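Grab a pencil and get ready to look around a protein chain. Try each exercise on your own before you read the solution below it.

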Amino acid sequence: MQLVIGNKNYSSWSLRPWLGLKMAGIAFEEILIPLYQEGSKAEMLKYSPTGRVPALLDGELAVWDSLAIAEYIAEKFPDRQLWPQDAAARAVARSVCAEMHSGFQALRTLCSMDIRARRQVGLTPEVAADIERIVAIWTDCRNRFAGGAPFLFGRFSWADAFYAPVVLRFVTYGITVPDDAQRYMETVLALPPVQEWIEAGRAEPWELHF
């Protein structure tokens with residue numbers, strides 16, 4: 001399999017499937033296409049009909065969109081248990097992934113992903129509401145389903161992969177969260193694949209200006 005991704009410093013969407021595959025120990029070839037460069041769109045169109053990343057290539061099959069990739073990988077490798085095994089927990093995990101996938105527009109707009117940067121921004125009421133909701137999701141999932149384990153649903157799942165870019169955004173913008181949420185962030189940041197992604201992002205030569 002091949003996973004087509006954008007710059008590691010900037011592409012939050014790419015991090016999600018990449019991290020899930022890494023944490024599950026699933027082998028894949030990485031194809032990195034820098035975002036917003038001359039010819040980037042044309043290059044992406046070679047792999048995805050949307051001309052966007054991420055895209056997963058499995059033989060002749062192309063799967064685009066991070067949520068679709070997550071479902072495909074979960075079905076192809078059920079033994080890796082990337083969704084919780086309990087039906088109720090699995091339904092909630094899918095719900096919070098879908099909420100991240102389609103929501104939090106205020107946070108995305110004001111606090112774009114930029115691993116190398118350290119910025120302070122004035123939080124609008126809309127962004128503050130997004131942050132409050134994310135913290136509530138983390139707290140609820142861990143209280144209801146984690147059983148004292150460090151991840152949202154006990155063991156690492158797609159839910160953790162989908163919220164990992166938010167953890168990096170909170171670090172970039174110095175966003176303060178309650179102690180329990182901070183401990184969850186530290187758990188995500190300590191993952192070896194997350195550290196690998198961060199280091200690669202820091203080393204990239206491409207610069208975008210926001």
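Here come some exercises on this predicted model, each with a worked solution.

**Exercise 1. Work out the strand order of the open sheet, and find its edge strands.**

Solution, step by step:
- Start with the order. The four strands of this open sheet are arranged 2-1-3-4, and the pairing is mixed.
- Now look for strands that pair on one side only. Those are strand 2 (29–32) and strand 4 (61–64), so they are the edge strands by the way pairing is counted, with at least two bridges needed for a pair.
- Finally, check the twist: going from one strand to the next, it averages 20°.

**Exercise 2. Describe how strand 3 is joined to strand 1 and to strand 4.**

Solution, step by step:
- Take strand 1 (residues 2–5) and strand 3 (residues 55–58). They run antiparallel and are joined by three bridges.
- Pick one residue to see this up close: L3 has L56 in strand 3 as its bridge partner.
- Move on to strand 4. Strand 3 and strand 4 also run antiparallel, with four bridges between them.
- Here A55 is the residue facing W64 in strand 4.
- Last, inspect the turn. The hairpin of strand 3 and strand 4 has two residues between the strands, and G59 takes a positive phi near 65° there.

**Exercise 3. Which strands does helix 1 touch as it packs on the sheet?**

Solution, step by step:
- Locate helix 1 at residues 12–24.
- Look at what lies against helix 1: it touches strand 1, strand 2 and strand 3.
- Compare directions. Helix 1 makes about 150° with the direction of strand 1.

**Exercise 4. Is H101 buried or exposed, and what does its side chain contact?**

Solution, step by step:
- Find H101 in helix 4 (residues 87–102).
- Read its relative accessible area, which is 18%. Buried means under 20%, so H101 is buried.
- Next, search for a polar partner. The side chain of H101 makes a polar contact with the side chain of D65, at 3.1 Å.
- Then list the neighbours, leaving out residues up to four places away in sequence: H101 touches W13, D65, S66, L67, R108 and F162.

**Exercise 5. How do helix 6 and helix 7 each pack against helix 8?**

Solution, step by step:
- A quick reminder: two packed helices are described by the angle between their axes and the distance between the axes.
- Begin with helix 6 (residues 125–146) and helix 8 (residues 179–189). Their angle is about 85° and their axes are 10 Å apart.
- Angles of 65 to 115 degrees count as roughly perpendicular, so helix 6 and helix 8 are roughly perpendicular to each other.
- Who meets whom? V135, W138 and R142 in helix 6 meet D180, A181, Y184 and M185 in helix 8.
- Sort the residues of that contact by class, and you get five nonpolar, no polar and two charged.
- Now do helix 7 (residues 158–172) with helix 8. The axes come within 10 Å and cross at roughly 105°.
- By that angle, helix 7 and helix 8 are therefore roughly perpendicular to each other too.
- On the helix 7 side you'll find D160, A164, V167, L168, F170 and V171, and they meet Y184, M185, V188 and L189 in helix 8.
- By class, the contact of helix 7 with helix 8 has nine nonpolar, no polar and one charged residues.

**Exercise 6. Look at the backbone: what are the phi values of Y36 and F104, and where is each residue?**

Solution, step by step:
- Go to the loop between strand 2 and helix 2, where Y36 lies. Its phi is near 60°, a positive value in a residue other than glycine.
- Check the surroundings of Y36: at 68% relative accessibility, and with exposed meaning over 50%, Y36 counts as exposed.
- Go on to F104, in the loop between helix 4 and helix 5 (105–110). F104 isn't a glycine, yet its phi is positive, at about 60°.
- Check its accessibility as well: F104 is buried, with a relative accessible area of 7%.

**Exercise 7. What is the omega of the peptide bond from V53 to P54?**

Solution, step by step:
- Find P54 in the loop between helix 2 (40–45) and strand 3.
- Read omega for the bond from V53 to P54: it is near 5°, and the bond is cis.

Note on methods: Residues are numbered from 1 along each chain as its sequence is written. This is a predicted model: local features need pLDDT of at least 70, side-chain atom pairs count only at pLDDT 80 or more; totals for chains, interfaces and linings use all residues. Side-chain values use heavy atoms; hydrogens and water are left out. Axes are lines fitted to C-alpha atoms, for helices over the stretch in contact, and angles run from 0 to 180 degrees between N-to-C directions. Contact means heavy atoms within 4.5 Å. Buried means under 20% relative accessible area, exposed over 50%, partly exposed in between (1.4 Å probe, protein chains only). A polar contact is a pair of N or O atoms within 3.5 Å; within protein, one must be able to donate a hydrogen and the other to accept it, and residues adjacent in sequence count only if both atoms are side-chain atoms. Angles under 35 degrees count as roughly parallel, over 145 as roughly antiparallel, 65 to 115 as roughly perpendicular and the rest as oblique. Ala, Val, Leu, Ile, Met, Phe, Trp, Tyr, Cys and Pro count as nonpolar, Asp, Glu, Lys and Arg as charged, and the others, Gly among them, as polar.
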